[in-house]
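Here are my notes on the model you sent round. Have the structure open while you read, since the points hop from place to place.

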Amino acid sequence: MKIKIDESSGFCFGVVNAIKKAEQELETSSQLFCLGDIVHNGQEVRRLASKGLKTIEHAQLELLFDEKILFRAHGEPPSTYALAERHRLKVIDATCPVVLMLQKKIKKAYQENAGVQIVIYGKIGHAEVNGLVGQTDGTAIVIEGEQDLDKIDFSKDILLFSQTTKSVDGFNRLVAALNAVKPPQTTFRYFDTICRQVASRIPNIREFAAKFDLVFFVSGTKSSNGRVLFRECKQVNPNSYFISDLDEIDFSLLTNVKTIGICGATSTPKWLMEQVAETLERYAAGK
Ligand code: SF4
């Protein structure tokens with residue numbers, strides 16, 4: 001049985017950077033708070049928790065004073081920085097540089113274009129999206145797709161941005177739909193702000209998954225990127241299976257299987273994919 005791990009699967013540089021910052025801080029501190037899961041992967045969160053990383057939610061931040069807090073790659077709205085300052089919290093800012101740039105771009109657009117509607121193509125309530133909406137004093141309209149176009153006031157000019165992890169196809173469809181329905185007097189400008197670290201994974205993973213008899217896609221269930229990439233795997237290779245941990249490997253699937261591909265999301269640790277490969281190799285060797 002041949003087993004191969006997809007080399008382009010695993011953490012994007014934004015997540016690598018956030019984990020590095022957390023680990024560096026934990027070398028000299030016994031505990032560090034992190035606002036939200038540092039990565040949408042339960043195993044990696046548990047590994048870092050054993051080193052002293054304590055994940056808290058926004059409601060718990062209200063009760064935290066004089067501590068160190070890490071802001072993860074998704075970024076935070078200005079109100080969170082203000083709260084941290086009021087509570088004398090030392091912020092370890094691990095906002096991804098790509099997200100940071102997008103926040104600045106949206107803030108500038110908001111400040112320089114009074115009366116224009118800022119529209120964000122993204123997932124309502126997602127941490128990154130909340131951080132982006134925060135740059136516009138909460139006025140930006142979030143739409144998840146063409147089905148939400150009725151949220152937009154077409155009598156006003158429109159500036160469209162995208163959450164970094166949305167699909168390029170979805171964004172292009174939205175642009176086409178907006179162009180089709182907006183009245184001629186409304187100015188519509190759009191900015192494809194999708195992170196290519198994620199966008200390039202779709203063609204890569206399709207090419208990878210198509211090569212094997214069976215694919216194990218490893219990801220946490222909370223990862224939206226994981227859901228998107230798994231769908232792509234399943235499309236090109238119906239013999240693809242989503243697993244979050246080693247105990248979810250169904251060995252009965254391996255009958256007559258000669259080649260297995262292992263891949264994952266931008267939030268999947270490499271060490272977990274390696275453990276899946278080792279488990280399968282032991283099984284194949286009859287150990
Ligand atoms: S997906 Fe892109 S924007 Fe998001 S954290 Fe990773 S590198 Fe940064």
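1. Start at Phe33, which stands opposite Lys54 in S3. Keep in mind that this is a predicted model. Phe33 and Lys54 sit where strand S2 (residues 32-35) meets S3, and 4 bridges join these parallel strands.

2. Now zoom out to the sheet around that pair. It is an open sheet of 4 strands, ordered S3-S2-S4-S5, with parallel pairing. Strand S3 (53-56) and S5 are the edge strands, each pairing on one side only. On average, neighbouring strands here are turned by 30 degrees against each other, ignoring direction.

3. What lies across this sheet? Helix H1 does: it crosses S2, S3, S4 and S5 and runs at about 160 degrees to S2. Remember H1, as it comes back at the ligand.

4. Two loop residues deserve a look at their backbone. Asp66 is not a glycine, yet it has a positive phi of about 55 degrees. You'll find Asp66 in the loop between helix H3 (58-61) and strand S4 (68-71). Buried or exposed? Asp66 counts as exposed because it has 8 C-beta neighbours inside 10 Å, and the cut-off for exposed is 12 or fewer.

5. Arg88 is the other one: again not a glycine, and again with a positive phi of about 55 degrees. Its loop runs between helix H4 (78-86) and strand S5 (90-93). Arg88 has 10 C-beta neighbours inside 10 Å, so it counts as exposed too.

6. On to the other sheet I'd like you to check. Here 4 strands form an open sheet in the order S1-S12-S10-S11, and the pairing is parallel. At the edges are strand S1 (2-5) and strand S11 (240-243), which each pair on one side only. The average turn between neighbouring strands in this sheet is 20 degrees, direction ignored.

7. How is S1 held to its neighbour? S1 and strand S12 (residues 259-264) run parallel and are joined by 4 bridges. One pair to click on is Ile3, whose bridge partner in S12 is Ile260. Helix H9 (residues 201-209) lies across strand S10 (214-218), S11 and S12, and it runs at about 165 degrees to S12.

8. A word on the overall division. The protein splits into domain 1 (2-10 + 198-284), domain 2 (13-96) and domain 3 (98-194). Taken over C-alpha atoms, the centres of domain 1 and domain 2 are 29 Å apart. Where these two touch, 10 residues of domain 1 are in contact with 7 residues of domain 2. The domain 1 side of that contact has 2 nonpolar, 6 polar and 2 charged residues.

9. Finally, the ligand. Which residues come nearest? Of the 14 around it, they are Cys12, Gly14, Cys96, Val98 and Cys195. Two or more shell residues come from each of helix H1 (13-28), helix H5 (97-112) and helix H8 (196-199). H1 gives the most, with 3 residues.

10. Two last remarks on that shell. By class it has 9 nonpolar residues, 5 polar and no charged. And why say the ligand lies between domains? Domain 2 (13-96) and domain 3 (98-194) both give residues to the shell, so the ligand lies between them.

Technical notes: Residues numbered from 1 in each chain as written. Predicted model: local features only at pLDDT ≥ 70, side-chain atom pairs only at ≥ 80, totals over all residues. Near = placed C-beta within 6 Å. Nonpolar A, V, L, I, M, F, W, Y, C, P; charged D, E, K, R; others polar. Domains from an automatic or database assignment. Buried ≥ 20, exposed ≤ 12 C-beta atoms within 10 Å, placed from the backbone. Pairing = 2+ DSSP bridges. Axes fitted to C-alpha atoms, helices over the stretch in contact; angles between N-to-C directions.
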